[in-house]
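Trainee: I have a new structure to read. Can we go through it together, one short question at a time?

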Amino acid sequence: MEDPNTAEQPTFKPETIQSIFKTVWKESNTKIKSDAASLAADLLRLFTREAVHRSAGVSKTERADSEAVPRLEVEHLEKTAAQLLLDF
């Protein structure tokens, strides 16, 4: 069994982050350094992980005891979104 602390964690590629940023920049000559893109990717990874963690908590409290496998639904994400955005 693999140790979760040493396993490679899923993340966003900095190139993907750069592409997303470029779509919203008004100036076509705006650039981002690779360090900043890596940092933004890491922040997005943490944000996503926290969103899933909080939504799983909501799912756990709402699910019926008869449900063997907990399911994460969009409603669970919606219930945690406002506070998550305020916290970040």
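Trainee: Is arginine 54 buried, partly exposed or exposed in this predicted model?

Mentor: The model is predicted, so take each value as computed from it. The relative accessible area of arginine 54 is 23%. Buried needs under 20%, and exposed needs over 50%. Arginine 54 is therefore partly exposed.

Trainee: Which residue forms a salt bridge with arginine 54?

Mentor: Look for a carboxyl oxygen within 4 Å of a side-chain nitrogen. Here the closest N and O atoms are 2.7 Å apart. The two residues sit 4 residues apart in helix α2, so about one helical turn separates them. The partner is glutamate 50.

Trainee: What is the relative accessibility of glutamate 50?

Mentor: Glutamate 50 counts as partly exposed. That class lies between the 20% and 50% cut-offs. The value is 25%.

Trainee: Which residue is linked with Glu50 and Arg54 in a network of salt bridges?

Mentor: Glu50 and Arg54 lie on the α2 side of the contact with α3. The other member of the network is listed on the α3 side. That residue is Asp87.

Trainee: At roughly what angle do the axes of α2 and helix α3 cross?

Mentor: Two packed helices are described by the angle between their axes and the distance between the axes. For α2 and α3, residues 74-87, the axes come within 9 Å. They cross at roughly 135°. That makes α2 oblique to α3, and the crossing is right-handed. The angle asked for is roughly 135°.

Trainee: How many residues of the contact of α2 with α3 are nonpolar?

Mentor: The α2 side includes Phe47, Ala51 and Val58, and the α3 side includes Leu77, Leu84 and Leu85. The contact also holds 5 polar and 5 charged residues. The nonpolar count is 6.

Trainee: Aspartate 42 and arginine 45 meet in a salt bridge. Is arginine 45 buried or exposed?

Mentor: Their N to O distance is 2.9 Å. Both lie in α2, 3 residues apart, about one turn of the helix. Aspartate 42 is partly exposed at 31%. Arginine 45 has 15% relative accessibility, under the 20% cut-off, so it counts as buried.

Trainee: Which residue forms a salt bridge with glutamate 73?

Mentor: Glutamate 73 is partly exposed, at 32%. The closest N and O atoms of the pair are 3.2 Å apart. The partner counts as exposed, at 54%. It is arginine 71.

Trainee: How many salt bridges does the count come to?

Mentor: The rule asks for a nitrogen within 4 Å of a carboxyl oxygen. Among the bridges are the pairs arginine 54 with glutamate 50 and glutamate 73 with arginine 71. The count is 4.

Note on methods. Residues numbered from 1 in each chain as written. Predicted model: local features only at pLDDT ≥ 70, side-chain atom pairs only at ≥ 80, totals over all residues. Heavy atoms only, no water. Buried < 20%, exposed > 50% of the residue type's maximum accessible area, 1.4 Å probe, protein only. Axes fitted to C-alpha atoms, helices over the stretch in contact; angles between N-to-C directions. Parallel < 35°, antiparallel > 145°, perpendicular 65-115°, else oblique. Left-handed = near helix turned anticlockwise from the far one by under 90°. Contact = heavy atoms within 4.5 Å. Nonpolar A, V, L, I, M, F, W, Y, C, P; charged D, E, K, R; others polar.
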